[in-house]
Amino acid sequence: MAEDGLDLAVGRLVDLLMERRVTLATAESLTGGMVGAVLTDVPGVSAVYRGGVIVYATDLKAKLAGVPDDLLAAVGPVHADTAAALATGVRERLEADYGLATTGVAGPDPQAGIEAGTVYVAAAGPGSVQVRKLQLSGDRTAVRRGSVQAVLELGAAVVAEELD
């Protein structure tokens, strides 16, 4: 993955948020704050980025991001429904117009029978929640960076779609 792709993704998302005067919050698991770091590298992003939570531990997905305990018990932390709940929950809890979320297995080893590189990214807005399943290859760093780019691209697509 070229760094240019990541730069383009964050630039497009931030431009859309600023142009439309809407806000964003993030909930991150496997990316451990990388989405927030990439966003806050953009000058002036404080006008649209409310903040984020790093919910690496499963119990914090419920406590901080509002994922229902029964959902976590039923499907686990790495699942499409969990990603959707993370994006929706952080959007509500941080009082943002949009929420982004990442959850998955960065590797190098599988986790609870889920293959390394399996990632779910989600974007939630006032009118919809979209989730994408990724199967990324490469080392831990490549999986995490690929996840960041994918969630930023999905966020931009949801903002553009909802507000056009």
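Two strands pair if DSSP finds at least two bridges between them. That rule sets up this report on a predicted model.

**The sheet**

Five strands form an open sheet in the order 2-1-3-4-5, with mixed pairing. Strand 2 (49-54) and strand 5 (129-135) stand at the edges. Each has a single partner strand, so one side of each is left without a neighbour in the sheet. From one strand to the next, the twist averages 15°.

**Strand 3 and its neighbours**

Strands of a sheet pair through backbone hydrogen bonds, either parallel or antiparallel. Strand 3 gives an example of each kind. It runs parallel to strand 1 and antiparallel to strand 4. The table sets out the two pairings.

| Pair | Bridges | Direction | Residues standing opposite |
|---|---|---|---|
| Strand 1 (residues 24-28) and strand 3 | Five bridges | Parallel | Ala27 and Ala101 |
| Strand 3 and strand 4 (residues 118-124) | Six bridges | Antiparallel | Thr102 and Val121 |

Is strand 3 mostly covered or mostly exposed? Strand 3 (residues 98-104) is mostly covered, with seven of its seven residues buried. Here, buried means under 20% relative accessible area.

In a regular strand the side chains alternate between the two faces of the sheet. Strand 3 can be read that way. Tyr98, Leu100, Thr102 and Gly104 point one way. Gly99, Ala101 and Thr103 point the other way. Residues of both sets are buried. Two of these residues appear in the table: Ala101 stands opposite Ala27, and Thr102 stands opposite Val121.

**Helix 5 across the sheet**

Which strands does helix 5 lie across? Helix 5 (residues 80-93) lies across strand 1, strand 2, strand 3, strand 4 and strand 5. It runs at about 145° to strand 3. The helix has 14 residues. From its first C-alpha to its last it reaches 20 Å, close to the 20 Å expected at 1.5 Å a residue.

An α-helix has 3.6 residues a turn, so residues three or four places apart point the same way. The buried residues of helix 5 are Thr82, Ala83, Ala84, Ala85, Leu86, Ala87, Gly89, Val90 and Arg91. Just after the helix, Glu95 takes a positive phi of about 55°.

**The annotated span**

An unreviewed UniProt entry carries the annotation "domain: CinA C-terminal" for residues 12-154. In the model, that span is 41% helix and 22% strand. Its end C-alpha atoms lie 11 Å apart.

Note on methods
Residues numbered from 1 in each chain as written. Predicted model: local features only at pLDDT ≥ 70, side-chain atom pairs only at ≥ 80, totals over all residues. Heavy atoms only, no water. Buried < 20%, exposed > 50% of the residue type's maximum accessible area, 1.4 Å probe, protein only. Helix = DSSP H or I, 4+ residues; strand = E, 2+ residues; numbered from the N terminus. Axes fitted to C-alpha atoms, helices over the stretch in contact; angles between N-to-C directions. Contact = heavy atoms within 4.5 Å. Expected span 1.5 Å × (residues − 1). UniProt positions renumbered as here; feature names shortened; annotations may be inferred.
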